[in-house]
Amino acid sequence: MPTPLLDRFDAETPVVGMVHLLALPGAPGFAGSRETIRARALEDARRLEAGGVDGIIVENFGDAPFYPEDVPKHVVAEVSAMATELTTELDIPVGVNVLRNDADAALSVAAAAEADFIRVNVHVGAAATDQGVLEGRAHDTLRLRDRIDADVAILADVHVKHASPVGEPTIERTALETAERGMADGVVVSGAGTGVETALEDVDQVVETLSESATDGDADSDPRTPVFVGSGVTPETVGDCLEAGADGVIIGTALKEGAETTNPVSRERVETVVAARDAALAQDSNDT
């Protein structure tokens, strides 16, 4: 069994920052320099760690338009090289997301780079996206993890951003199927797009549904599947996310200079968000 997701972080309620890679070779936006990609990623990661985040996710954010599910081998190689450098450089957990939805590639990269977890955008069910209809392949992802003996946790989206669920299942049903039938180690609840605020009602509903399923009348049953908020978190909203029951937050845009997703990470912004998380936890402790 893989190490539980939350046990990988030093903080009980982790803040996970995003390292958005610039366009890789072969992508339309590639600017012609691997060294520039490497330098930017390392600088962003160092600023995130120095600012106090508890983990990072590296993803090929600059590669739009994205391959739907099976990225070329050169993309896997480039992300592997970068992820390996980050796991070597940092003392915090590293996650991998290979966009748009190549879970096999992400898992393979994470195993080779000794990363801690992956993010999978569509793990179960199907979603209509700008890449077409993406189908979850939990059955393949879980079997691959066993086959390659990878101690890598799976963090899976519920009603992922930039998409619409096919068949329009409720968010509660999707969360249950992701955690139970898809056997994800954690789930992500997001807004409609990158940097878009996540509805607290959605967070509350997913937390409540998974909590009820975990206990099911038995207080000694397994803990609830962890829930992360995956978009639109800011210093002003991080406390609200935790109050809604989130076990952690994933933040990209709010940590960038000028709050622009494609800009470099701002250490000052990282410190502000982490301080807001700490203040919210302290207030909650005082209230109880």
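## Helix packing and barrel strands in a predicted model

Helix α5 passes helix α6 in a right-handed crossing, where right-handed denotes a near helix turned clockwise from the far one by less than a right angle. The contact (heavy atoms within 4.5 Å) involves, among others, Ile-171, Ala-175 and Leu-176 of α5 together with Val-206, Thr-209 and Leu-210 of α6. The axes of the two helices come within 9 Å and cross at roughly 50 degrees, which makes α5 oblique to α6; axes are lines fitted to C-alpha atoms, for helices over the stretch in contact, with angles from 0 to 180 degrees between N-to-C directions, and oblique covers what is left once angles under 35, over 145 and from 65 to 115 degrees are set apart.

This is a predicted model, in which local features need pLDDT of at least 70 and side-chain atom pairs count only at pLDDT 80 or more, while totals for chains, interfaces and linings use all residues. Residues are numbered from 1 along each chain, and side-chain values use heavy atoms, without hydrogens or water.

The elements named here are DSSP runs, with at least four residues for helices (H or I) and at least two for strands (E).

| Element | Residues |
|---|---|
| α5 | residues 171-181 |
| α6 | residues 200-215 |
| β2 | residues 55-59 |
| β3 | residues 94-97 |

A closed barrel of 8 strands runs β1-β2-β3-β4-β7-β9-β10-β11 with parallel pairing, pairing being assigned where DSSP finds at least two bridges between two strands. Within it, β2 and β3 pair in the parallel sense over 4 bridges, and Ile-57 stands opposite Gly-95 in β3.
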